[in-house]
Amino acid sequence: MTGDSDRPDRPDPLDDDLGWMLGIVFRGYVRAAEHTLIDFPGGPRGYQVLTAAATGPARNQGAIAEELGIDRTVLTYLIDDLERPGFVARRADPADRRSRLVDVTDAGRAAWEQRRGALRQVEAHLLGALTPTESATLRALLQRVACSTQAIDPLRDLCQAVAEVRPDQAPPTPPDPTAPRRSRGARPRTPES
């Protein structure tokens, strides 16, 4: 995999190093994706935000930030970038007036579909050494590993879409964010305080 070894009787240690292999594929994908999305508002992360808006129900900015693992402040700037060309629109959340929902617009959906097609070509190029069956198997295995990794990661559950498509592989339920929490050192309020 890495080239000729000085000793043909001893395989190159990188040939079975998962991190090395994933790194090579990841860097190749990132380079090609960045080239494909170079003029897209917000670049690859802007595309991720638009994907979240285009492929699910309208969600508030906090939920999108958590889903994508993006800092809320950074997400605000990315949504601003996507609002300028009219790809997304913010609207008040009827359930919580302090919250804003992010909706994809028709122009945003068209831009997302066009770029999604271009990224599919990047993926096909990167997976060109595989047969269509091998490519589908690799995608299925990577999806399983990604969802499993997400389930043990401290970020919120990114695999909810898998649960909707494949209920037999539903990820664990995250903790209830509305459950009351007491901060360290806080004392209960009394009528005198």
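An axis here is a line fitted to C-alpha atoms, for helices over the stretch in contact. The model on screen is predicted.

**Stop 1: two helices.** Select residues 43-54, helix α2, and residues 72-83, helix α4. Their axes come within 10 Å and cross at roughly 80°. Angles of 65 to 115 degrees count as roughly perpendicular, so α2 is roughly perpendicular to α4.

Now show side chains at the crossing. On the α2 side, pick Arg45, Gly46, Val49 and Leu50. These meet Val74, Leu75, Leu78, Ile79 and Leu82 of α4. By class, the contact of α2 with α4 has seven nonpolar residues, one polar and one charged.

**Stop 2: Gln61.** Keep Leu75 and Ile79 displayed, and add Gln61, which touches both. Gln61 belongs to helix α3. Is Gln61 buried or exposed? Its relative accessible area is 17%, and buried means under 20%, so Gln61 is buried. Leaving aside residues up to four places away in sequence, Gln61 also touches Thr76, Arg90, Arg100 and Val102.

**Stop 3: a pocket.** Stay with α3 (61-68) and add β3 (96-104); each supplies at least two residues of the lining of the second largest pocket. Which residues line this pocket? Select Asn60, Gly62, Ala63, Glu66, Arg72, Asp96, Arg98 and Ser99. The second largest pocket holds about 200 Å³ of space. Colour its lining by class to see four charged residues, three polar and one nonpolar.

How values were computed
Residues are numbered from 1 along each chain as its sequence is written. This is a predicted model: local features need pLDDT of at least 70, side-chain atom pairs count only at pLDDT 80 or more; totals for chains, interfaces and linings use all residues. Side-chain values use heavy atoms; hydrogens and water are left out. Axes are lines fitted to C-alpha atoms, for helices over the stretch in contact, and angles run from 0 to 180 degrees between N-to-C directions. Helices (H or I, at least four residues) and strands (E, at least two) are DSSP runs, numbered from the N terminus. Angles under 35 degrees count as roughly parallel, over 145 as roughly antiparallel, 65 to 115 as roughly perpendicular and the rest as oblique. Contact means heavy atoms within 4.5 Å. Ala, Val, Leu, Ile, Met, Phe, Trp, Tyr, Cys and Pro count as nonpolar, Asp, Glu, Lys and Arg as charged, and the others, Gly among them, as polar. On a 1 Å grid over the protein atoms alone, a cavity is a set of points where a 1.4 Å probe fits but cannot get out, and a pocket is an open set with protein on both sides within 12 Å along at least five of seven lines; lining residues have an atom within 4 Å of a point. Grid points are joined across faces, edges and corners, and a volume is the space filled by probe spheres set on the points. Buried means under 20% relative accessible area, exposed over 50%, partly exposed in between (1.4 Å probe, protein chains only).
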